[in-house]
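Thank you for making the time this morning. I would like to walk through one structure with you, beginning at the surface and then working inward, and I will try to be careful about what each statement rests on.

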Amino acid sequence: PGPAAPQRRWRAAQTGYGGTASLFAGDNSSLQVGADTEVDASGLGGDGEENQGGLGRGGTARIGTNTGGSIDLTGPVFVTANGEGGSSSAVGGTGTGGIAQISAFLGTIHAFNNVSVSAHSSGGFAFGSGTGGAGLADVETTITPDMTEASLFAGGGTLIVEGLTVVSGRGPGRDGGLDGGGGGGGGGGGA
């Protein structure tokens, strides 16, 4: 008899964490962007083969000012902290959005175009007869200080948007395979 066939080993899908991405004008300083602005701290879970897709957890994406700071944004603005679970043939991964915000704290932010701020929580797809992943938003508690949030905020400052504004914190579950089940939608975060 010949050598034994090698055993196939499946590795677990990896978690994808979004970090921190920011565009900031400190005390009495100014910042101008003459084109599109994209601040993205999304987390994408890894895809699994015969196991569960990885967790995708959004980080913190922020445009902000401090005392006397000013920001002018000429083109479209996208601030994103989405969490998207990885796909798998068995179970799609969970997706949990992070924090996406535009904050004029004692300063001025002027967007001359459209603005989109999103912290979506989207479960991963499942193929075959698998079950889709859940989209779960975090709710802040004393035990879990993290939360899913998309916001525009002016505190003692001025925030002007001259275009269309979309602020979204959705939490959809994903579809399962042909004979599988859909993932639960956990609801969106604060918006």
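**From the surface to the core**

Let me start on the outside, where Phe105, Leu106 and Phe153 together make a nonpolar surface patch of about 270 Å². Before going further I should say that this is a predicted model, and everything I describe should be heard with that in mind. Of the patch members, phenylalanine 153 lies in strand β16, which covers residues 149–155, and with a relative accessibility of 42% phenylalanine 153 counts as partly exposed, because that value falls between the 20% limit for buried and the 50% limit for exposed. Leucine 106, by contrast, is placed in the loop between β12 and β13, and at 36% relative accessibility leucine 106 is also partly exposed. The backbone at leucine 106 deserves a second look as well, since the residue has a positive phi of about 55° although it is not a glycine.

There is another residue with a backbone of this kind, namely asparagine 28, which has a positive phi of about 50° and is likewise not a glycine. Asparagine 28 sits in the loop between β2 and β3, the latter being residues 30–33, and here the relative accessible area is 66%, so asparagine 28 is classed as exposed.

Let me now step back to the whole chain. The protein has 18 strands and 0 helices, and of its 191 residues, 42% are buried. If we take the contacts between residues at least 6 apart in sequence, 77% of them join residues that are at least 24 apart. The protein exposes about 9600 Å², and 51% of that area is supplied by carbon and sulfur atoms.

**The nonpolar core**

In soluble globular proteins, nonpolar side chains tend to be buried together. Which residues touch the most other members of the largest nonpolar core here? That core has 22 residues, and the ones in question are Ile63, Leu73, Val77, Val79, Ile102, Ile109 and Val117. As for where the core comes from, the elements that give two or more residues to it are β2 (20–25), β7 (60–65), β8 (70–73), β9 (77–80), β12 (99–105), β13 (108–111) and β14 (115–118).

Take isoleucine 63 as one example: once its neighbours within four places in sequence are left aside, its contacts include Leu23, Val39, Leu73, Val77, Val79, Ile102 and Ile109, and also polar residues such as Thr37, Gln101 and Ser103. Valine 79, in strand β9, is buried with a relative accessible area of 0%. Beyond the residues up to four places away in sequence, valine 79 touches Ile63, among others, as well as Ile102, Val117 and Ser118. The C-alpha atoms of valine 79 and isoleucine 99, which are 20 residues apart along the chain, are separated by 9.5 Å.

**Polar residues on β13 and β14**

From valine 79 we can move to serine 118, which lies in strand β14. Is serine 118 buried or exposed? Its relative accessible area is 8%, and serine 118 is therefore buried. The side chain of serine 118 makes a polar contact of 3.3 Å with the side chain of asparagine 82, and the residues that serine 118 touches farther along the sequence include Ala100, Ala150 and Ser168.

Strand β13 offers a pair of residues to set side by side, histidine 110 and threonine 108. Histidine 110 has a relative accessible area of 16% and is buried, because buried means under 20%. Its side chain is joined to that of glutamate 162 by a polar contact of 2.6 Å, and, not counting residues up to four places away in sequence, histidine 110 touches Ile71, Asp72, Leu73, Ile160 and Glu162.

Threonine 108, on the other hand, counts as partly exposed at 32% relative accessibility. With its neighbours within four places left aside, threonine 108 is in contact with Thr65, Gly69, Ser70, Ile71 and Thr158. The last of these is 50 residues away along the chain, and yet the C-alpha atoms of threonine 108 and threonine 158 are separated by 4.7 Å.

I will stop there, and I am happy to take questions.

How values were computed. Residues numbered from 1 in each chain as written. Predicted model: local features only at pLDDT ≥ 70, side-chain atom pairs only at ≥ 80, totals over all residues. Heavy atoms only, no water. Core = buried A, V, L, I, M, F, W, Y, C linked by side-chain atoms within 4.5 Å. Buried < 20%, exposed > 50% of the residue type's maximum accessible area, 1.4 Å probe, protein only. Helix = DSSP H or I, 4+ residues; strand = E, 2+ residues; numbered from the N terminus. Contact = heavy atoms within 4.5 Å. Polar contact = N/O pair within 3.5 Å; in protein donor to acceptor, adjacent residues only side chain to side chain. Patch = residues over 30% accessible without salt bridge, like charges linked within 9 Å, V, L, I, M, F, W, Y side chains within 5 Å. Areas by Shrake-Rupley, 256 points an atom, 1.4 Å probe, with all protein chains shown as cover. Salt bridge = Lys/Arg side-chain N within 4 Å of Asp/Glu carboxyl O.
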